[in-house]
Amino acid sequence: MVWSYSSSRTFQRCQKQWFIKQHYVSARAKKDPRRRQAYLYSTLQSLPAWRGSLVDTIITKNFVLPIDRGSKLPSKNHLLKAAWRLFKHQLQFAKRNRAWEEDMTRKKAGDDFASLFPVVYGGDMSDEAIDQMWSDIEQSLINFRESDELMSMILDGSKLAAQRPLTFTLDDTNVKMIPDLIVFYDKAPPLIIDWKVQQTGYHNARRQLASYALALANCKPHKDFPDSFEVDAVNIRLLEMQLLTNQQRFYSLSQADIEASIAYISQTQDDINLATENSPKSLTFDNFPSTNDPSVCERCNFQKICWEQN
């Protein structure tokens, strides 16, 4: 069993949702169509979640990777053209609900793959709602590219690692974290950047970013990490970048923050072990309670699965 920050949050919201997502869904379960169906539900995204993932894809594939390979700095227009093309392709794919075609796979669809919650469950897919999503994506990428401070922090790096899995073992728990971007420097501690594309509200990402720092400090370095890579978690710099509102939030960690992160991982994993009796594969989603919070149910991808069971 692998612990991640997102899975721990899901478990705290709804244990049944956690079990279906982590241990029941299967894209290849041809002999069990219910598990295949659960996988298809797991791919659904709300419009805001789709907006965020599209922005992240463009930054990763059309900015970070070219820069890390020594290409020239991509222009704002280059990013916007790539985003508009991807936006149109994914929107068409999602509106036609192509993810649910019998022979469709993520590999076959490639970057066009998108599956939207309001298409399956009903919701606002009006022209106004879609136009707002594009406007948000456009503004986020403009803010990203026109931030001189952000560009300097990224371009000053000697190595960039986007969406790189960081794995380590904490006691008996296998931990996996995937930061949006790690910037390594020759003469300074690394910087971890987490992209957010939110319109309103304040979410303190300290715990999430502390988990990233803990993972980077303790993981087995990838082959392309700097030679003799070693860093103390408290020295890693952390940045939460709110791209839509163009706000930067830097976090500095103390040893107490790191210890709190370790305690959070241990406690949530203990809760999961207790609920699963350390053998989740021998259980079914009937063994797990649903949330009592209606708002969680309203946003859950697996509503129809729960309805069929009740």
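Q: What makes β1 and β4 a pair of strands, and in which sense do they run?
A: In this predicted model, β1 and β4 are joined by two bridges in the parallel sense. A pair needs at least two bridges, so β1 and β4 count as paired. Within β4, Val175 is the bridge partner of Trp3.

Q: How do you know that β3 pairs with β4, and which way do the two strands run?
A: Five bridges join β3 (residues 166-170) to β4 (residues 173-177). The requirement is at least two, so β3 and β4 are paired. They run antiparallel. Thr167 has Lys176 as its bridge partner in β4.

Q: Why is the pairing in the sheet called mixed?
A: The sheet is open and has three strands in the order β1-β4-β3, with mixed pairing. β1 and β4 pair in the parallel sense, while β3 and β4 run antiparallel. Strands of a sheet can pair through backbone hydrogen bonds in either sense.

Q: What makes β1 and β3 the edge strands?
A: β1 (2-3) and β3 each pair on one side only.

Q: Which side chains of β3 are buried, and which are not?
A: Leu166, Phe168 and Leu170 point to one face and are buried. Thr167 and Thr169 point to the other face and are not buried.

Q: What is notable about the phi of Asp171 in the hairpin of β3 and β4?
A: The hairpin has two residues between its strands, and Asp171 takes a positive phi near 55° there.

Q: Why is Gln269 called buried, and what does Gln269 touch?
A: Gln269 has a relative accessibility of 4%, and buried means under 20%, so Gln269 qualifies. Gln269 lies in helix α11. Leaving aside residues up to four places away in sequence, Gln269 touches Met1, Trp3 and Thr173.

Q: Why is the pair of Trp18 and Phe288 called tilted?
A: The ring centres of Trp18 and Phe288 are 6.1 Å apart, and the angle between the planes is 55°. The distance is within 6.5 Å, and the angle is neither under 30 degrees nor over 60, so the pair is tilted. Trp18 belongs to helix α2 (residues 15-24) and Phe288 to the loop between α11 (255-276) and α12 (294-299), so the pair ties together parts that are 270 residues apart in sequence. Trp18 and Phe288 are both buried. Ring pairs also link Trp18 and Phe288 with Phe11 and Phe19 into a cluster.

Q: What makes the pair of Trp84 and Phe87 stacked?
A: The ring centres of Trp84 and Phe87 are 5.7 Å apart, and the planes meet at 20°. That angle is under 30 degrees, so the pair counts as stacked. Trp84 and Phe87 both lie in helix α5 (residues 76-95), three residues apart, about one turn of the helix. An α-helix has 3.6 residues a turn, so residues three or four places apart point the same way.

Q: Are Trp84 and Phe87 buried or partly exposed?
A: Trp84 has a relative accessible area of 37%, which lies between 20% and 50%, so Trp84 is partly exposed. Phe87 has 3%, which is under 20%, so Phe87 is buried.

Q: How do you know that a charge sits over the ring of Tyr24 and over that of Tyr121?
A: The charged end of Arg35 sits over the ring of Tyr24, 5.8 Å from the ring centre. The charged end of Lys304 sits over the ring of Tyr121 at 5.5 Å. The distance cut-off is 6 Å, and both values fall within that limit.

Q: How do you know that the span of helix α8 agrees with the expected value?
A: At 1.5 Å a residue, the 20 residues of α8 (residues 127-146) should span 28 Å, and the end C-alpha atoms are 28 Å apart, so the two agree. The buried residues of α8 include Ile130, Trp134, Leu141 and Phe144. The buried residues of α8 pack against α4 (47-68), α5, α9 (148-155) and β6 (191-196).

Q: What is unusual about the phi of Asn97 and of Asn246?
A: Most residues other than glycine have a negative phi. Asn97, in the loop between α5 and α6 (106-109), has a positive phi of about 55°. Asn246, in the loop between β7 (237-242) and β8 (247-251), has a positive phi near 60°. Asn97 is partly exposed at 24% relative accessibility, and Asn246 is partly exposed at 42%.

Q: Where is confidence lowest in the chain, and where is it highest?
A: Confidence is lowest in helix α13 (residues 303-309), with a mean of 81, and highest in α5, at 98. The chain averages a pLDDT of 92.

Technical notes
Residues are numbered from 1 along each chain as its sequence is written. This is a predicted model: local features need pLDDT of at least 70, side-chain atom pairs count only at pLDDT 80 or more; totals for chains, interfaces and linings use all residues. Side-chain values use heavy atoms; hydrogens and water are left out. Rings of Phe, Tyr and Trp (its six-membered ring) pair if their centres lie within 6.5 Å; planes under 30 degrees apart count as stacked, over 60 as edge-to-face and the rest as tilted. Helices (H or I, at least four residues) and strands (E, at least two) are DSSP runs, numbered from the N terminus. Buried means under 20% relative accessible area, exposed over 50%, partly exposed in between (1.4 Å probe, protein chains only). A charge sits over a ring if NZ of Lys or CZ of Arg is within 6 Å of the ring centre and within 35 degrees of the ring normal. pLDDT is the predictor's confidence in each residue, from 0 to 100. The expected span of a helix is 1.5 Å times one less than its number of residues. Contact means heavy atoms within 4.5 Å.
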